[in-house]
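Got the viewer open? Here is a walk through the model, one selection at a time.

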Amino acid sequence: MAVLQMQRLNLVALKRNRKEILERLQEMGALEVDVRLDSEAEVVRQDTSSARALFEKNASLADQAIEILDRYAPEKSSLLNSLAGMPLIEHSEYDEVARKQREYIQTANDIISLDKNNSELNAGIQKSESAIEALVPWENLDVPMSLQGTKTTSLIIGMMPQQMTAGEVLKLLELHEPSIQAADVQIFRSEKDGTWLSVLCMKEDASEAENVLREAGFSRPSSFVRRTPSEEKQYLENQISDYQSRIQENSQEIIRLAEFRKDLKMVSDYYRLRAQKYEVLGTLPQTKNTFALSGYIPVTRAAKVAEELTTEYGAAVELEGIGEKEEAPVLLKNNKFADSVEGVLSSYGLPKKGEVDPTFIMSIFYVVLFGMMLSDAAYGAIVAIACGVVLLKFPRMDQGLRKSIKLFFFCGLSTLFWGIMFGSYFGDVVNVISRNYFGHEVTIPALWFVPLQDPMRLLIYSLLFGLIHMFIGMGLKGYMMLKQKDVVGFISDVVSWFMFLIGLILILLPTSIFESISNMHFAFPPFLNTLAKVLAVAGAVIILVMSGRRKKKNIGMRLAIGLYDLYGITSWLSDILSYSRLLALGLATGVIAQVINQMGSMFGTGVFGTIVFILVFIIGTVLNMAINLLGAYVHSNRLEFVEFFNKFYDGGGRPFEPFRTVTKYVEFKKSKAV
């Protein structure tokens, strides 16, 4: 439960050591570069934009080549392989790739060129296929489509938009242009969508004949070929065959180049790392012989990093504290249990300056609330075992993913605990199987109580857990105020609300209304009843008078603010009622499980009935787990973000982003740790 304290590291070193220092800092991943120098009159910054652009371009080329290889020669992989983390390589392999970087970029260009050529050939195939399709109606034409006629005749080739016979075409010509005496019409294809035809007439009649046909919707072909349609079709088919052969050759060559996939991945990361280094290099002030660097570093690592930079590279290193007005980046440090919810906290916002890290307390309630919502021992065991196996089998998975799986592991254990407390094991499957298949019902008793038999009891405890949760949030608010030495604020905004709320609760507990709802009877001695009223009244008075304490001269405004804050008791009531979702989701899991078991057992205990029961049980259980796991996750987040954080936490801190090795494909073994 801590935000690591940051220091500022300032460094000045000789330029001849610049490359080694930057590479070592990148490998250590301990420093967030943030150069802030008071005076830069005699220093310059190197323009690294062109070099960075080149490195990023080469990395992109390698990435593009890898994507192409994945299409032509995909690697065998599975979801479990993706959990294993990136391949770990020795620095010697990386150095070899760096030495042959130009060769591998040429290989990447070759792969991209071959794929581009395949795309062009595929476009050619599509174009040829479209041309063949356009030639189909003209297959019976035994002259080239480009033929215009003879010395004395004209050949008109085209399409009418409606179905027609040769006689109808001739009649159309005679009706509109009687002067056309000699014409021959040949139909090549006729259907409801149109008629493909040719008209042979005398050259002096060609213009009038075509005008008549155009008035009826006639249109010429979009292209005229110098071969007969059948010859052109054969030519196009041969062309397609040639294109396909060349595509096959290119594809085989790309598949052969897949042996360089690992090298391309390493060269991509090589250029990616160089681009990152040059990005930092462009921010560094430099003189002719020296350069300077400054940034944030965790106090726990500062001394060792400073010592190594001084002894190994002769750098002048200074460590200084963070200024009061300076907003340092945030890096959390928690134990192995609490760090599992750091991702959940980060999605809301990291602690800003002056706020405590709520991760540890949040993790306890998160896991407990999640378990109560799912609340089935068998479901919890399945989740915990599955996540535990993944954590043990894949120790090098991505840290963010590892934390998420670890969170579900702990939530699975919590679900197992609450399932045992509530006596739920796949709902009531033990009862159903023992009753239907063994003739006598066996029940695993709950260690506490069965929520389906006593839902009001679970509701009361759910609200109690919620009250404790929010009270701890108020307590953290008070802790931060005391840490900032705001005693007046602590009394006015925290103690007063504790007095007011505890007083109201003590007043409510002995009433008949509470007894009728909870079936619990409280009888307090007179002094405790009096104390409850005193606490409630005193707390209300402090809130009324002190909430608007900053409006010292305006009494009316001050009291109005106090009344408005007292009205905030309604938000407390709604927040507490929000914890009734523990009851709702817990009951939903159990009820759905029981319905699944009942549906599965409807077909008897024979062979068919048993098969149906097993299928219904498996499918129903998977769906029930999926739905309620999602529900428990969402509503646990909601209770933390809305009800808990609302009492003390704003967030808004900036995450610590060190200059480090950020790769896409491979991970390098560290030469030495710091």
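**Stop one: a bridge from H2 to H5**

Select arginine 71 and aspartate 115: their side chains meet in a salt bridge, 3.2 Å from N to O. This pair ties together distant parts of the chain, with arginine 71 in helix H2 and aspartate 115 in helix H5, 44 residues apart. Keep in mind as you look that this is a predicted model. Now colour by accessibility. Arginine 71 is exposed, with a relative accessible area of 53%, while aspartate 115 counts as buried at 12%.

**Stop two: next door on H2**

Now pick aspartate 70 and arginine 261. Their side chains also form a salt bridge, at 2.7 Å from N to O. Here too the pair links distant parts of the chain: arginine 261 belongs to helix H9 and aspartate 70 to helix H2, 191 residues apart. In this bridge the arginine is the buried partner, with arginine 261 at 7% relative accessible area, and aspartate 70 is partly exposed at 35%.

**Stop three: the whole of H2**

Select residues 49-72 to light up helix H2, and put a distance between its end C-alpha atoms. How far apart are the end C-alpha atoms of H2, and what should the helix span? Its 24 residues, at 1.5 Å a residue, should span 34 Å, and the ends are 35 Å apart, so the two agree.

Next, show the side chains that H2 hides. The buried ones include Phe55, Asn58, Leu61, Ala62, Ala65, Ile66 and Leu69. If you wonder about the spacing: an α-helix has 3.6 residues a turn, so residues three or four places apart point the same way. What do the buried residues of H2 pack against? Turn on helix H5 (101-135), helix H8 (229-256) and helix H9 (261-281), and you have the answer.

Asp63 is also on the buried list for H2.

**Stop four: leucine 236 on H8**

Stay with H8 and centre on leucine 236, which is found in that helix. Buried or exposed? Leucine 236 counts as buried, at 7% relative accessibility. Leaving aside residues up to four places away in sequence, leucine 236 touches Ser128, Ala131, Ile132 and Leu135. For a sense of scale, draw a line from leucine 236 to threonine 165: they are 71 residues apart in sequence and 31 Å apart C-alpha to C-alpha.

**Stop five: more charged pairs**

The model has 32 salt bridges in total. For another one, select arginine 435 and glutamate 441, whose closest N and O atoms are 3.1 Å apart. Both are partly exposed, arginine 435 at 39% relative accessibility and glutamate 441 at 44%. Then add Asp63, Asp269, Arg272 and Lys664, which salt bridges with shared partners join into one network.

**Stop six: the cysteines**

How many disulfides are there? The count is 0. Try cysteine 387: the closest cysteine sulfur is that of cysteine 411, 8.9 Å away and too far for a bond. Cysteine 387 is buried, at 12% relative accessible area, and cysteine 201 is buried too, at 3%.

**Last stop: a greasy patch on H23**

Finish on helix H23, residues 607-644, where leucine 615 sits. Leucine 615 counts as partly exposed, at 48% relative accessibility. Show the surface and select Val607, Ile611, Ile614, Leu615, Ile618, Ile619, Val622, Leu623 and Ile627: they make a nonpolar surface patch of about 880 Å².

Technical notes. Residues are numbered from 1 along each chain as its sequence is written. This is a predicted model: local features need pLDDT of at least 70, side-chain atom pairs count only at pLDDT 80 or more; totals for chains, interfaces and linings use all residues. Side-chain values use heavy atoms; hydrogens and water are left out. Helices (H or I, at least four residues) and strands (E, at least two) are DSSP runs, numbered from the N terminus. The expected span of a helix is 1.5 Å times one less than its number of residues. Buried means under 20% relative accessible area, exposed over 50%, partly exposed in between (1.4 Å probe, protein chains only). Contact means heavy atoms within 4.5 Å. Patches are made of residues with over 30% relative accessible area and no salt bridge: like charges are joined within 9 Å, nonpolar side chains (Val, Leu, Ile, Met, Phe, Trp, Tyr) within 5 Å. Accessible areas come from the Shrake-Rupley method with a 1.4 Å probe; for residues, only the protein chains shown count as cover. A salt bridge is a side-chain nitrogen of Lys or Arg within 4 Å of a carboxyl oxygen of Asp or Glu. A disulfide is a pair of cysteine sulfur atoms within 2.5 Å.
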